[in-house]
Amino acid sequence: PAEHRFLTRVLSSHPVWQSMRKQLKIKKFRLPMPEENFDFSNFIKTAPEKGIDMYEFIFERIHTMQDKELKSVAETLMIRNKEKLLYYPAASSNHHAEMCGLLYHMKRMLSMGEKACEVYEELRRDWVIAGVVIHDMEKINEILSNEWGISPGYSFEGQLLGHIAQGVKMIDRLSDELGISYEKAVMLEHM
């Protein structure tokens, strides 16, 4: 709706006001025009990469997975949470507490995990990818956030359980739904 659009152009001056202090005086502002491609991320703290680019990077890695069950879990979580992943912070404060911070954290963890697989050849890449995708996914239900990645704090369940316990519950439900073997489900919950 028009009332939710944001100002994009401000005409202002900087007159000297009392005791030689500068004052910002807004003379005029208007709503953005559709052709201006207003980007709210210019005005808030955001991850250093575009959300959709990071989402696609992670999804490309998931598509290379060989284990069908692990791939199914990772794909399902990414697809079901896509809308929120494209803006969610990784924390209410501290690391990656910014728009798209959760995706940025996941991408960096995935890049690090892939390098670890190159060094430690005994690591199973599909498990590393699945682990990275699921390990913080429940932060979406632990942390409260608006569509700009600004968090006022934690949800009721997030305060009492935290994303790790919430993640175990989520994997338990998803494993049943997708028909994932018991042993794999427990190993995913461990991650």
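1. In this predicted model, the side chains of His163 and Asp136 are joined by a polar contact of 3.0 Å. His163 makes a further side-chain polar contact, with Glu142, at 3.1 Å. His163 belongs to helix 8. Its relative accessibility is 16%, so His163 counts as buried, the limit being under 20%. Leaving out residues up to four places away in sequence, His163 touches His135, Asp136, Glu138, Lys139 and Glu142.

2. The partner residue deserves its own entry. Asp136 sits in the loop between helix 5 and helix 6, the latter spanning 139-142. Asp136 is buried because its relative accessibility, 6%, falls under the 20% limit. On the side-chain level, Asp136 also has a polar contact with His105, at 3.0 Å. Outside the four nearest places in sequence, the contacts of Asp136 are Leu102, His105 and His163. Asp136 thus has side-chain polar contacts with His105 and with His163.

3. Next, the overall layout. The chain has nine helices and six strands. Of its 191 residues, 39% are buried. Taking contacts between residues at least 6 apart in sequence, 59% join residues at least 24 apart.

4. Helix 5 is largely enclosed by the rest of the structure, since eight of its 11 residues are buried. The buried residues are Asp126, Trp127, Ile129, Ala130, Gly131, Val132, Val133 and Ile134. They pack against helix 1, helix 2, helix 4, helix 8 and helix 9, where helix 9 covers 182-190.

5. Two consecutive valines illustrate this packing. Val132, in helix 5, is buried with a relative accessible area of 8%. Not counting residues up to four places away in sequence, Val132 touches Met106, Met109 and Leu110. The C-alpha atoms of Val132 and Met106 are 6.3 Å apart, although the two residues are 26 apart in sequence. With the same kind of exclusion, neighbours within four places, Val133 is in contact with Ile58, Ile62, Ala74, Met78 and Met106. Met106 therefore appears in the contact lists of Val132 and Val133, contact meaning heavy atoms within 4.5 Å.

6. The largest nonpolar core holds 39 residues, and the members that touch the most others are Ile58, Met78, Leu85, Val133 and Met137. At least two residues of this core come from each of helix 1 (51-63), helix 2 (68-80), helix 4 (101-119), helix 5 (125-135) and helix 8 (162-178). Two of the well-connected members, Ile58 and Met78, are in contact with a third, Val133.

7. On aromatic rings, the count comes to two pairs. One of them is Tyr87 with Tyr88, which is tilted, with 5.6 Å between centres and 40° between the planes. Both Tyr87 and Tyr88 are buried.

8. Which residues lie over the face of Phe57? Arg61 does, at 3.7 Å from the ring centre. Lys107 does as well, at 4.7 Å from the ring centre. These are the entries to look up for charge-over-ring geometry at Phe57.

9. How many disulfides does a search of the whole structure find? The result is zero. Among the cysteines, Cys100 is buried at a relative accessible area of 7%. Cys117 is buried too, with a relative accessible area of 14%.

10. Last, a loop position. Ser92 is located in the loop between helix 3 (82-85) and helix 4. Ser92 is partly exposed because its relative accessible area of 22% lies between the 20% and 50% limits. A side-chain polar contact of 3.4 Å joins Ser92 to Ser151. Apart from neighbours within four places in sequence, Ser92 is in contact with Ala97, Ile143, Ser151, Pro152, Gly153 and Tyr154. Ser92 and Ser145 are 53 residues apart along the chain, and their C-alpha atoms are separated by 8.2 Å.

Note on methods:
Residues are numbered from 1 along each chain as its sequence is written. This is a predicted model: local features need pLDDT of at least 70, side-chain atom pairs count only at pLDDT 80 or more; totals for chains, interfaces and linings use all residues. Side-chain values use heavy atoms; hydrogens and water are left out. A nonpolar core is a set of buried Ala, Val, Leu, Ile, Met, Phe, Trp, Tyr and Cys residues joined through side-chain atoms within 4.5 Å. Buried means under 20% relative accessible area, exposed over 50%, partly exposed in between (1.4 Å probe, protein chains only). Helices (H or I, at least four residues) and strands (E, at least two) are DSSP runs, numbered from the N terminus. Rings of Phe, Tyr and Trp (its six-membered ring) pair if their centres lie within 6.5 Å; planes under 30 degrees apart count as stacked, over 60 as edge-to-face and the rest as tilted. A charge sits over a ring if NZ of Lys or CZ of Arg is within 6 Å of the ring centre and within 35 degrees of the ring normal. A polar contact is a pair of N or O atoms within 3.5 Å; within protein, one must be able to donate a hydrogen and the other to accept it, and residues adjacent in sequence count only if both atoms are side-chain atoms. A disulfide is a pair of cysteine sulfur atoms within 2.5 Å.
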